Amino acid sequence: MKTQPHILITLFFFLISSILYAQQPATIATDDDSFLHEMTIGLNTNTNSALIGGFSFKYAKQLKDQQKLAFGIELVGVKSHKEQKFVSPATGNTFISGKMNYLYSLRTQVGKEYLLFGKYPEDGIRLSAIFMGGITLGIVKPYYIEYNYTQSNGFPDYRVVPYEGPSVHLSQNILGKGGFFYGFDQLKLNMGLNVKSSLNFEFGKGELLQTVSG
């Protein structure tokens, strides 16, 4: 099963352009004890990813004094702990031996947020518990390398091809990894489920708590 690459690219850059790093403004502030609607946008990290693992978005709507209905979406790059970079002796570029695919996890989530401590706008501090779950879309993209196919006494023959492992592509002939955008026409999709529980600590500052950090 394949999907159109421009849809995923558009979503990817939409998430990048929306990042607020650590500071997240509340969308609607009221004179009541809490915000009626909240949007949280930022970065995340994971034990099976790089330092910056991906991007997250959460929207919450007030249900009761202590409860909110929450909707979320996360895009995370998943890596194996066995991945190890090697340096091409010919070019000095790096590649990952044995890596044949990238995996990106697109997680849609719905759940509830429960206020444990504090309230807005008087206190400016809050501790809440969040329980969410939903459908995961696993996006698999082939890992490309630049490979030297040049035969002895032949013309230079360098190609960017999907990596098929050390039994097919010898490490000494690998010149480096291919560009990121190679392989978007060969995407494969896998379905799954996800669940998440978390504690969220927030504090606000400024008039009417215009800026909220968490």
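# Strands, rings and cores in a predicted model

Colleague: Let's start with Gly 42: in which strand is Gly 42 found?
Modeller: This is a predicted model, and in it Gly 42 has a relative accessibility of 6%, so this glycine counts as buried. Its C-alpha atom is separated by 8.7 Å from that of Gly 54, 12 residues apart along the chain. The strand that holds Gly 42 is E2, residues 37-44.

Colleague: Before we go on, where in the chain is confidence lowest?
Modeller: The chain averages a pLDDT of 81, and 77% of the residues score at least 70. Over residues 1-33 the pLDDT is below 50, though this stretch still has 59 contacts in the model beyond near neighbours in sequence. At the high end sits strand E9 (residues 144-148), with a mean of 96. The lowest mean, 38, belongs to strand E1, residues 23-24.

Colleague: And the overall make-up: how many strands are there in the chain?
Modeller: Read along the sequence, the pattern opens with α and then goes on in β. Of the contacts between residues at least 6 apart in sequence, 61% join residues at least 24 apart. Buried residues account for 36% of the 214 residues. Next to 1 helix, the strand count is 13.

Colleague: Take E7, then. How many bridges join E7 to strand E8?
Modeller: E7 (residues 101-117) also runs antiparallel to strand E4 (residues 67-78), joined by 12 bridges. On that side, Val 78 stands opposite Leu 103 in E7. With E8 (residues 125-142), the partner of Tyr 102 is Lys 141. That antiparallel pairing of E7 and E8 has 14 bridges.

Colleague: Ser 80 comes up just past E4. Is Ser 80 buried or exposed, or in between?
Modeller: Ser 80 has its place in the loop between E4 and strand E5 (85-87). Its C-alpha is 9.7 Å from that of Leu 103, with their positions 23 residues apart in sequence. Buried needs under 20% and exposed needs over 50%. At 39% relative accessibility, Ser 80 therefore counts as partly exposed.

Colleague: Back to Tyr 102. What kind of aromatic pair do Tyr 102 and Tyr 104 form?
Modeller: The whole structure has 11 aromatic pairs. For this one, the distance is 6.1 Å centre to centre, with 20° between the planes. The cut-off for stacking is planes under 30 degrees apart. The pair of Tyr 102 and Tyr 104 is stacked.

Colleague: What about Phe 180 and Phe 184: why is that pair classed as it is?
Modeller: The two residues differ in burial: Phe 184, at 12% relative accessibility, counts as buried, while Phe 180, at 36%, counts as partly exposed. Their ring centres are 5.5 Å apart. The planes are at 70°, so the pair is edge-to-face.

Colleague: Which residue has its charged end over the ring of Phe 180?
Modeller: Phe 180 belongs to a cluster linked by ring pairs, along with Tyr 102, Tyr 104, Tyr 143, Tyr 163, Phe 181 and Phe 184. Another charge over a ring is that of Arg 159, over the face of Tyr 149 at 4.1 Å from the ring centre. For Phe 180, the charged end is 5.1 Å from the ring centre. It comes from Lys 141.

Colleague: Now the inside. How many residues make up the largest nonpolar core?
Modeller: Its members include Tyr 102, Tyr 143, Ile 145, Tyr 147 and Val 161. Strand E6 (94-96) and E9 are the elements that give two or more residues to this core. There is also a second, separate core of 6 residues, with Leu 75, Ile 139, Phe 184 and Leu 189 among them. The largest core has 9 residues.

Colleague: Which residue in E11 is the bridge partner of Tyr 147?
Modeller: E9 has antiparallel pairings with two strands to look at here. With strand E10 (residues 158-162) there are 5 bridges, and Ile 145 is partnered by Val 161. With strand E11 (residues 174-177) there are 3 bridges, and the partner of Tyr 147 is Ile 174.

Colleague: Last one: which lysines does Tyr 143 touch, leaving out residues up to four places away in sequence?
Modeller: Tyr 143 is a member of the largest nonpolar core and of the ring cluster too. Among its contacts are Phe 95, Ile 96, Tyr 102, Val 161 and Tyr 163. The lysines on its contact list are Lys 99 and Lys 177.

Technical notes:
Residues are numbered from 1 along each chain as its sequence is written. This is a predicted model: local features need pLDDT of at least 70, side-chain atom pairs count only at pLDDT 80 or more; totals for chains, interfaces and linings use all residues. Side-chain values use heavy atoms; hydrogens and water are left out. Two strands pair if DSSP finds at least two bridges between them. Helices (H or I, at least four residues) and strands (E, at least two) are DSSP runs, numbered from the N terminus. Rings of Phe, Tyr and Trp (its six-membered ring) pair if their centres lie within 6.5 Å; planes under 30 degrees apart count as stacked, over 60 as edge-to-face and the rest as tilted. Buried means under 20% relative accessible area, exposed over 50%, partly exposed in between (1.4 Å probe, protein chains only). A charge sits over a ring if NZ of Lys or CZ of Arg is within 6 Å of the ring centre and within 35 degrees of the ring normal. pLDDT is the predictor's confidence in each residue, from 0 to 100. Contact means heavy atoms within 4.5 Å. A nonpolar core is a set of buried Ala, Val, Leu, Ile, Met, Phe, Trp, Tyr and Cys residues joined through side-chain atoms within 4.5 Å.
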